[in-house]
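Thanks for making time this morning. I would like to walk you through one structure, beginning in the middle of a sheet and then stepping back to the whole chain.

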Amino acid sequence: MGRIKVMSIFGTRPEAIKMAPLLLELSRRDEIESICCLTAQHREMLDGVMHLFDIKAQYDLNIMEPGQTLATITTKALNGLGAVLETAVPDLVLVHGDTTTTFAGALSAFYNRIPVGHVEAGLRSGDLYSPYPEELNRKLTSQIAALHFAPTARNADNLRREGITDGVFVTGNTVIDAMAYTVPRFSGTFGSEIDQIDWGRRKVVALTCHRRENYGEPMTQIFTAVKTLVERHSDVEVVYPVHLSPAVQGAARSILGGVDRIHLIHPLDTVQMHALLSRCHLVLTDSGGIQEEAPALGKPVLVLRRETERPEACDAGTVRLAGVSGPDILELAEELLTDQNAYQAMAQAVNPYGDGTASRRIADAILWHFGKQSEKPADFSPGSDR
């Protein structure tokens, strides 16, 4: 065969951040014709990543609409992607992670008899409704995919336990590749009130909280714990880029609004977010990606969830599950703010998620699969040589 036509499909900012370094790597391979298709299920936060990495989409479905539901995202993505795939006829479709676009992209490729490669495959929480709908999206995508690019050996083991043994590669996580690109590009200003923080004297806590399963009482518990933490510790400031969801905005303003040393700011772009993680003292988050990003910068992470599909960080000691009980969150956060030994034990632990060459491994795996490369790429292992 001639050049391999690889179409990457994604639709949210987190997907774009993690797919961008892979798209750049694919574009450098003479044997590959790389095509990008956006569903844009999240429009505002996606475009900035595309601009940052100077990536152009050949197809853009622009499906986002006010008040969209999981059903409308799925049906609009399926309808739009069907037409795109019939036109482009790629040899391989790449999807990432666990979004609704991920599943719709994989299903649409299946309907068109096009093999699927799943980037960030094999993550499992064990609870079909947490995270919701992500756990189901990634499990269904695994049933469709022919190539499974698992970030860690444990992710690969998860797939094998489900009977998936062919086409599994352990690659590391592409977000580590992305951070090598983004962190050096920070201009030195966030363009908001947090530019006035004395980062050298303050213990800055970076907070993110947005998951659907945390809506309601869990979010109330989380925000109340954060408020109490600031009231008890005069050297602590909290920076919270508040998600655009009206439910999150309302809860955050109600409990945290107007509290001294708690900064509720607009969502940050990718470079600014990585800069915040690199400057802060401690991270509280219910995000998946930040559990991978912050440890790469030597920052302890408390996960504001009852479970995580990223247990490798817990085992390595870079992350601890804090749950969603206010007193538990407060106790763990205060320990890391006051116990230097406990803090250093987490800050200095080895990040298990990658060495910055995941994109190269994935590209090599694609070439090997299509017979363009003689040797199968070696699996990633923390601490191993590249």
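**Around strand 5**

Let me start with one pairing: Leu94 has Gly117 in strand 5 as its bridge partner, where strands are DSSP runs of E with at least two residues, helices are runs of H or I with at least four, and both are numbered from the N terminus. Before going on, I should say that this is a predicted model, in which local features need pLDDT of at least 70 and side-chain atom pairs count only at pLDDT 80 or more, while totals for chains, interfaces and linings use all residues. Residues are numbered from 1 along each chain as its sequence is written, and side-chain values use heavy atoms, with hydrogens and water left out.

Strand 4, residues 92-96, runs parallel to strand 5 and is joined to it by four bridges; two strands pair if DSSP finds at least two bridges between them. Between these strands the chain passes through helix 4, residues 100-111, in a right-handed β-α-β crossover, meaning that, with the strands pointing away from the viewer, the path from the first strand over the helix to the second runs clockwise.

Strand 5 is also joined by three bridges to strand 6, residues 147-150, and these two run parallel. Here Val119 has Phe149 in strand 6 as its bridge partner, and the chain crosses from strand 5 to strand 6 through helix 5, residues 134-144, again as a right-handed β-α-β crossover.

Are the two faces of strand 5 covered or not? Both are covered, since Val116 and His118 on one side, and Gly117 and Val119 on the other, are all buried, that is, under 20% relative accessible area, with exposed meaning over 50% and partly exposed in between, for a 1.4 Å probe and protein chains only.

Turning to the aromatic rings, Phe149 belongs to one aromatic cluster with Phe169 and Trp368. The structure holds eight aromatic pairs, and in one of them, Tyr129 and Tyr132 are stacked, at 6.0 Å centre to centre and 15° between the planes; rings of Phe, Tyr and Trp (its six-membered ring) pair if their centres lie within 6.5 Å, and planes under 30 degrees apart count as stacked, over 60 as edge-to-face and the rest as tilted. Tyr129 counts as exposed because its relative accessibility is 60%, whereas Tyr132, with 35%, is partly exposed.

Stepping back, the protein has 15 helices and 13 strands, and buried residues make up 58% of its 386 residues. Its C-alpha atoms fill a box of roughly 65 × 45 × 40 Å along the principal axes.
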